[in-house]
Amino acid sequence: MSNALLTIGFSTLAERINNIEPPRVSIAHQVFISIQDPNNSTEPLPTNFKFDSVKSSERGVAKSRNTVLRNAKTKYLLFADDEIVFLDRGVKLAIEYLEEHPECDMVLAQAIDTTGALRKRYSKKQVQLTKFNSAKAATYEMIVRVDSIKSKHVYFDEKFGAGVSNYIGDEYIFITDLINKGGTAMFLPITIAIHPKDSSGSLWGTERDLIARAQVFQRVFGTWAPMVRAAFYFKNYGKTNGLGNFKKFVRGKV
């Protein structure tokens with residue numbers, strides 16, 4: 001679609017590609033799918049909607065999202081996964097904001113779960129994103145201005161995200177890298193998507209979880225990371241193993 005304003009960019013595994021629902025978004029858009037297929041799946045591609053795709057043998061969702069970003073040729077890019085359903089009105093409102101605010105490089109919106117409940121606690125008002133209020137971002141809540149993101153050379157850090165040992169934090173790192181490079185990102189209390197409740201929360205506070213979170217804070221805050229880790233640990237003390245892991249978490253060596 002030559003007049004498309006938006007790319008909806010899916011990241012999925014080959015065996016899950018037919019979980020993707022055709023986006024019901026009225027804005028002129030293209031669909032791009034990054035398919036990771038390390039096991040040489042024989043799963044057929046969907047035939048009920050048009051899309052472009054790239055298949056690779058790589059692993060890691062950050063790599064897949066970077067493939068989507070590199071291949072996006074429209075003005076805006078909305079990230080997606082194979083469990084998402086987008087809401088037309090919310091997507092239109094977010095794009096309208098970006099059209100009216102050319103200085104804004106990225107909008108972070110909100111999502112509901114399949115019961116209609118908000119998936120997390122969101123701000124009730126528009127807020128500019130910083131290193132201290134964007135750690136809970138989900139990729140399918142993010143719409144980016146493609147040319148600006150590419151010109152600033154902001155991509156997902158492939159050492160983080162699902163599919164690698166540091167399995168969280170890729171969205172947060174993306175946002176903070178954008179901010180560090182002079183970009184502007186805004187949260188808007190607009191619901192753009194429906195997504196099932198994540199099960200990864202069951203890992204919260206485990207040793208694996210603390211190791212991953214320690215590395216995320218190191219990546220974002222550098223030499224200030226120990227202080228941030230200490231504050232984070234005590235803020236979430238009830239979800240951790242008491243003082244048992246505190247010193248190791250602060251040092252970043254759980």
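A residue is called buried when its relative accessible area is under 20% and exposed when that area is over 50%. In this predicted model, isoleucine 149 has a relative accessibility of 0% and therefore counts as buried. Two further residues, asparagine 40 and histidine 153, are described below for their backbone angles, since each has a positive phi without being a glycine.

**Isoleucine 149 and its surroundings**

- Isoleucine 149 is part of helix α3, and with a relative accessibility of 0% it falls in the buried class.
- Leaving aside residues up to four places away in sequence, isoleucine 149 is in contact with Leu69, Asp105, Val144, Val154, Phe174 and Leu178.
- Between the C-alpha atoms of isoleucine 149 and asparagine 48 the distance in space is 31 Å, while the two residues are separated by 101 residues in sequence.

**Positive phi at asparagine 40**

- Asparagine 40 belongs to the loop that runs between β2 (29-36) and β3 (52-56), and its phi is near 50°, a positive value in a residue that is not glycine.
- The relative accessible area of asparagine 40 is 63%, which is over the 50% cut-off, so this residue is classed as exposed.

**Positive phi at histidine 153**

- Histidine 153 sits in the loop between α3 (146-151) and α4 (170-180), where its phi takes a positive value of about 55° although the residue is not a glycine.
- With a relative accessible area of 57%, histidine 153 is exposed, whereas isoleucine 149, in helix α3, is buried.

Note on methods. Residues numbered from 1 in each chain as written. Predicted model: local features only at pLDDT ≥ 70, side-chain atom pairs only at ≥ 80, totals over all residues. Heavy atoms only, no water. Helix = DSSP H or I, 4+ residues; strand = E, 2+ residues; numbered from the N terminus. Buried < 20%, exposed > 50% of the residue type's maximum accessible area, 1.4 Å probe, protein only. Contact = heavy atoms within 4.5 Å.
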